[in-house]
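Hello,

Here is the structure I promised to pass on. My notes on it follow below.

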Amino acid sequence: GDDRIWVYDIDAGMIEVLYDFATSDNPILSGVDNITVTDQGDVLVAEDGGDMQVVVILPDGQLKPLLQIVGQDESEVAGIAFSPDGRHLYFTSDRGGQRLNGGYTGLGLGITYELTLPPGL
């Protein structure tokens, strides 16, 4: 609830802040919630509210927006997972609304999305 991402180094027994909305040069993450770390060390962060984005924090500390869910403001992004081959990214809009006239409306039972990543990414 503090718009920060904390890192715990088990070997060193140290805790540090990886991201802080209040002090970041690129404050694009708010309502930080679900976190998934890739084999390459990229940290994928899903917002609980905010702009309904998944943002990647690269090993060098850069923040890169990966995706944004639009029109489901009463929901949250969660459940980031990869297929075993790493080519498909899955995530949910936990309370995503029902599809109506090309858009989403109201609260629903949730929606699962699949994003196919290009080779070599």
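From the N terminus on, the elements read β-β-β-β-β-β-β-β-β-β-β. That is eleven strands and zero helices. Please keep in mind that this is a predicted model. Of the 121 residues in the protein, 31% are buried. The exposed surface comes to about 7,500 Å², and carbon and sulfur atoms supply 51% of it. Among contacts with a separation of 6 or more, 31% link residues 24 or more positions apart.

Two sheets

I looked at two open sheets. One has four strands in the order 3-4-5-6, with antiparallel pairing. Which strands stand at its edges? They are strand 3 (32-37) and strand 6 (63-68). Each has a single partner strand, so one side of each is left without a neighbour in the sheet. Neighbouring strands here are turned by 25° against each other on average, with direction ignored. Strand 3 and strand 4 are antiparallel and share four bridges. In that part of the sheet, Ile 35 has Val 45 of strand 4 as its bridge partner.

The other open sheet has three strands, ordered 7-8-11, again with antiparallel pairing. Strand 7 and strand 11 are the edge strands, and each pairs on one side only. The average turn between neighbouring strands of this sheet is 20°, direction ignored.

Strand 7 and strand 8 run antiparallel and are joined by four bridges. Ala 81 has Tyr 90 of strand 8 as its bridge partner. The hairpin of strand 7 and strand 8 has five residues between the strands. Which residue of this hairpin takes a positive phi? Gly 86 does, near 75°.

Strand 8 also pairs with strand 11 (residues 111-116), in the antiparallel sense and over six bridges. Two pairs are handy for finding your way along this pairing. Tyr 90 stands opposite Glu 114 in strand 11. Thr 92 has Thr 112 of strand 11 as its bridge partner. Tyr 90 thus turns up twice in these notes, with Ala 81 as a bridge partner and with Glu 114 opposite in strand 11.

The cores

In soluble globular proteins, nonpolar side chains tend to be buried together. How many residues make up the largest nonpolar core here? There are eleven: Leu 44, Ala 46, Met 52, Val 54, Val 56, Leu 67, Ile 69, Val 77, Ile 80, Leu 89 and Phe 91. Four strands each supply at least two residues of this core: strand 4 (43-47), strand 5 (53-57), strand 7 (77-82) and strand 8 (88-93). Strands 4 and 5 belong to the four-stranded sheet, while strands 7 and 8 belong to the three-stranded one. Apart from this core lies another, of nine residues, including Ile 5, Val 45, Ile 57 and Leu 63.

Val 77 is a useful core residue to click on. Leaving aside neighbours within four places in sequence, Val 77 is in contact with Asn 34, Ala 46, Glu 47, Met 52, Gln 53, Val 54, Ile 69, Phe 91 and Thr 92. Of those partners, Ala 46, Met 52, Val 54, Ile 69 and Phe 91 are listed in the largest core as well.

Two neighbours in strand 3

Thr 36 is found in strand 3, and so is Val 37. Which of the two is buried, and which is exposed? Thr 36 has a relative accessible area of 17%, under the 20% limit, so Thr 36 counts as buried. Val 37 has a relative accessible area of 55%, over the 50% limit, so Val 37 counts as exposed.

Their contacts are worth a look too. Leaving aside neighbours within four places in sequence, Thr 36 is in contact with Asp 42, Val 43, Leu 44, Ile 80 and Phe 82. For Val 37, under that condition, the contacts are Asp 42 and Val 43.

Ile 80 is the residue to check next. The side chain of Thr 36 reaches the backbone oxygen of Ile 80 at 3.2 Å. The C-alpha atoms of Val 37 and Ile 80 are separated by 9.7 Å, and the two residues are 43 apart along the chain. Ile 80 also belongs to the largest nonpolar core.

Best wishes

Methods:
Residues are numbered from 1 along each chain as its sequence is written. This is a predicted model: local features need pLDDT of at least 70, side-chain atom pairs count only at pLDDT 80 or more; totals for chains, interfaces and linings use all residues. Side-chain values use heavy atoms; hydrogens and water are left out. A nonpolar core is a set of buried Ala, Val, Leu, Ile, Met, Phe, Trp, Tyr and Cys residues joined through side-chain atoms within 4.5 Å. Buried means under 20% relative accessible area, exposed over 50%, partly exposed in between (1.4 Å probe, protein chains only). Contact means heavy atoms within 4.5 Å. Two strands pair if DSSP finds at least two bridges between them. Axes are lines fitted to C-alpha atoms, for helices over the stretch in contact, and angles run from 0 to 180 degrees between N-to-C directions. Accessible areas come from the Shrake-Rupley method with a 1.4 Å probe; for residues, only the protein chains shown count as cover. A polar contact is a pair of N or O atoms within 3.5 Å; within protein, one must be able to donate a hydrogen and the other to accept it, and residues adjacent in sequence count only if both atoms are side-chain atoms.
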